[in-house]
Amino acid sequence: MILSLDILLFAILIVTALLALQVKDLLTAVAMLAGYSLFAALLFAGMQAVDVAFVEAALGAGLTGVLLIAAILATSRRIDGQEGMLRRVVVGSLVVGFVALMLFASGGLPDRGDPEAPAHQRVAPAYLEGSMEQTQTPNVVTAVLADYRSMDTLGETLVILTAALAASLVLVRREEGEP
Amino acid sequence: MTGGYPSEVVRVVCTVLSPFIAVFGLYVIAHGHYGPGGGFAGGVIVAVGAILPRMTLAEDLAYRAIPSITGPLAGGIGMLLFILCGVAPMLAGGAFLDYEALAIAGMEAARARYLGILAVEIAVGLAVFGALVLIYDVLAGRTD
């Protein structure tokens, strides 16, 4: 991990996020969000989390943008109306408070890659040492996702499918007069 | 949104590219044991291969190869397959999702888990593919 690259990527992330919030044209905002996801994927790849980076690049930078564009084409491309001053103040202070809380909490986190971190103390060493022998799978992430922790993956898949079905129930367009 | 995209270049490039994108997605699903990716990322990429023609080609053309029933169908089949992967070891006397119990005589326990992982990846890929295609179809207003 290179510190200057880290700082550059984080700067790009913040700029693209702010631009996505500021622009009035929603298509531009979607493009900015896709760029944001792409640079987030680069950041994950820099942390050696290739699997996460891959999913972020495919889903965040690719398909989410397509779905958002489809939603824009089905509705409207422009933001109408101005937001009030009071709303700006309330939302802004909430955001600042939340960021301060996160920064405060992040002080208690262990360093990145610290072998003494609690996450690396319990079952993780067993997975890392055993995955090749027990499952013949060199990619430990896949072994954890689909074997050791497959119950979590089952729940995740169920959530995705339920979300898609719920979206289709809400959005499906019926002909006039149909119940 | 629906209907052919005006530029012929875009239409042709998307038509030519989409099968390759889908094949790459299948590779990612099948290759999850050795490289990055797996069911989730692979399913997303296969879904992109299915959605690209829907965005660019004329409606009847795009939906002829992959009709709008594919979304819910693939999602449901994937979910069922996953649950089957969980229940089958129970019938063989193991715990839920414990593929080791499925090892046929002469097969290593690790090999059974390897194949179980592959089955689960395929199930997740199908479910994710179905879910994303379904969401796109609903947004585009195509749900016959």
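**Nonpolar patch and the interface of chains A and B**

Q: Which helix gives the most to the nonpolar patch on the surface?
A: In this predicted model, four residues of the nonpolar patch come from one helix of chain B (DSSP run of H or I, at least four residues), spanning residues 70-91. The greatest contributor is therefore helix 4 of chain B.

Q: What accessible area do the residues of the nonpolar patch have together?
A: The patch joins I83(B), V87(B), M90(B), L91(B) and F96(B) with M151(A), the last of these lying in helix 7 (residues 150-171) of chain A. Members have over 30% relative accessible area (Shrake-Rupley, 1.4 Å probe) and no salt bridge, with nonpolar side chains joined within 5 Å. Together they expose about 560 Å².

Q: How much area is buried between chain A and chain B?
A: On chain A, 40 residues are in contact (heavy atoms within 4.5 Å) with 46 residues of chain B. Carbon and sulfur atoms give 77% of the buried area (accessible area lost by both parts, 1.4 Å probe). The total is about 3700 Å².

Q: Which residues form the salt bridge between chain A and chain B?
A: The count between the chains is one salt bridge (Lys or Arg side-chain nitrogen within 4 Å of an Asp or Glu carboxyl oxygen). At an N to O distance of 2.8 Å, the partners are R113(B) and D147(A).

Q: Which elements of chain A give two or more residues to the side that touches chain B?
A: Four helices of chain A qualify. They are helix 3 (50-74), helix 5 (124-135), helix 6 (140-148) and helix 7.

Residues are numbered from 1 along each chain, and chains are lettered from A in written order. Local features need pLDDT of at least 70 and side-chain atom pairs 80 or more, whereas totals use all residues, and side-chain values use heavy atoms.

Conventions
Patch = residues over 30% accessible without salt bridge, like charges linked within 9 Å, V, L, I, M, F, W, Y side chains within 5 Å. Buried area = accessible area lost by both parts, 1.4 Å probe.
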